[in-house]
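Colleague: Let us go through this model in a few questions and answers.

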Amino acid sequence: MEAAATTTTNIPLLTAYKMGQFNLSHRMVLAPLTRIRSYNHIPQPHAILYYSQRTTNGGFLIAEATGVSNTAQGYPNTPGIWTKEQVEAWKPIVDAVHQKGGIIFCQIWHAGRVSNYGLQPNGEAPISSTSKGVTPGVDGLDWSPPRPLSIEEIPKIVNDFRLAARNAIEAGFDGVEIHGANGYLIDQFMKDQVNDRTDEYGGSLENRCRFALEVVEAVVREIGAERVGMRLSPYAECAEAVDSNPEALGLYMAKALNKFKLLYLHVIEPRMIQLTDKSETQRSLLSMRRAFEGTFIAAGGYSRDEGNKAVAANYTDLVAFGRLFLANPDLPKRFELNAPLNKYNRSTFYIPDPVVGYTDYPFLKLA
C-alpha cells in the first residue's frame, strides 16, 4: 500500500481534467467493451447495474459498440440504436450513470465485413469497401464474403451514422464516439490492404479517408462537435485490416479531424496489434497527439504505472482502461489506494449471462 499521506493530486490519473464542457474528476476512461448481452440487439436492464457499478462522480464512460442500422451488426446480442425500442431501452442505463454524476458517450458502429449472413437482414451479404472477406476462422468466427458498397449507397450509410447520433442524444447520452477502429467498416475504407476501390473512395490516402470524414461531418452537423469523439487504430491489424503506412494514416486523420473541432480523439496504441496482448514496438502515438487539437485519449493495455507516466509526461490527456475496468468496477478507487486488482476472466467476456463475468466482480472491502 502507498503511504496514507498520498493524495489523488499526486496520482496523475486521478487529477481533474476539463474536456470541453465536461468537468472530469479523473483521467481514467471506461473503454468501449463489447459484452454480447443485449439480447436481440436491445440493451437489457442488467446493463443498468453494469454501467452504474463503473461510474464515479465526474467519471467518463464510453458505452459498448452500438449498431447504427440493421446491417451494422457483426456479432450476436450486441446493442443497436436505430429503433425507437432500442432508444427507450438505453434511457434507464444512461440515467443510472447520470444519477451517480458520470458522463457517458455512445460508441456508434458498423461492423462492415466483420459479419455473416445470419446477422444480416434477409441473410444478405455484409457490406464493406471491398469484396475481399475476412478469412473464416479469424477470431474464431465464420465470416461471410462481403459485397462492396456502390457510390450511390454510401450516403445512406453516412446517414445511418447521423441518425444513430441523433438517437443517442434522444436516449440521454452526453455524446457519441464514432468507431473508426478495429477492422470495422470505417477502418475497412481507410486501410489500403482492405480497400481495393478505384473510385473516389479508394486509392489515395485522401480518398480512403473520405468516407470516415463524411461520417464525422454528418454527425457533427447533427449533434455538434462538442459532443463528438472518434476512435482510431491505424496500427492495429484486427480482422485483417492492415495499412502499409499506419503513421501516415494516423497523422492524416488527426490533422483532418481538427477542421471539425472534434471534442476528442481516442487512439489504440501501436503495441496492440491484435488487441489481446502487448507487443514490442518503437512506434508511438506522439505525432498524432501533437497534431490533434482536442482532447487525446490513449488506449491499449495500460497499467496503473504506465497510465500515470503517460499523463505526467503529457503523452495523453486521458487513458482508457478496458479489461482492468471490466474486472474492477471500482478501478479508480483501487488505483487511488494502489490496492490489489481482481483478475479478469477472459472466458466470460463474451457469454450471454446477465451476471457472470459481468456484474459479479467484487468491489474493495474498505474498513
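**Helix α3 and the cores**

Modeller: To begin, this is a predicted model. In helix α3, the buried residues are Ile154, Ile157, Val158, Asp160, Phe161, Ala164, Ala165, Asn167 and Ala168.

Colleague: Against which elements do the buried residues of α3 pack?

Modeller: Ile157 and Phe161 are among the buried residues of α3. The packing partners of these buried residues are α2 (84–99), β6, β7, β9 (175–180), α4 (185–190) and α6.

Colleague: What distance separates the end C-alpha atoms of α3?

Modeller: Helix α3 has 17 residues (154–170), so at 1.5 Å a residue it should span 24 Å. The model agrees with that expectation, its end C-alpha atoms being apart by 25 Å.

Colleague: Which helix gives the largest share of the largest nonpolar core?

Modeller: The largest nonpolar core has 86 residues, and Tyr51 and Ile108 have the most contacts inside it. Its largest share, nine residues, comes from residues 210–223, helix α6.

Colleague: Which residues does tyrosine 51 contact, leaving aside neighbours within four places in sequence?

Modeller: Tyr51 is one of the two residues with the most contacts inside the largest nonpolar core. Leaving aside neighbours within four places in sequence, tyrosine 51 is in contact with Leu30, Leu61, Ala63, Glu64, Trp90, Ile93, Val97 and Ile104.

Colleague: Is serine 115 buried or exposed?

Modeller: Serine 115 lies in the loop between β6 (103–109) and β7 (127–128). Leaving out residues up to four places away in sequence, serine 115 touches Gln73, Gly74, Gln120, Pro126, Trp143 and Ser144. Because its relative accessibility is 0%, serine 115 counts as buried.

Conventions
Residues numbered from 1 in each chain as written. Predicted model: local features only at pLDDT ≥ 70, side-chain atom pairs only at ≥ 80, totals over all residues. Heavy atoms only, no water. Helix = DSSP H or I, 4+ residues; strand = E, 2+ residues; numbered from the N terminus. Buried < 20%, exposed > 50% of the residue type's maximum accessible area, 1.4 Å probe, protein only. Contact = heavy atoms within 4.5 Å. Core = buried A, V, L, I, M, F, W, Y, C linked by side-chain atoms within 4.5 Å. Expected span 1.5 Å × (residues − 1).
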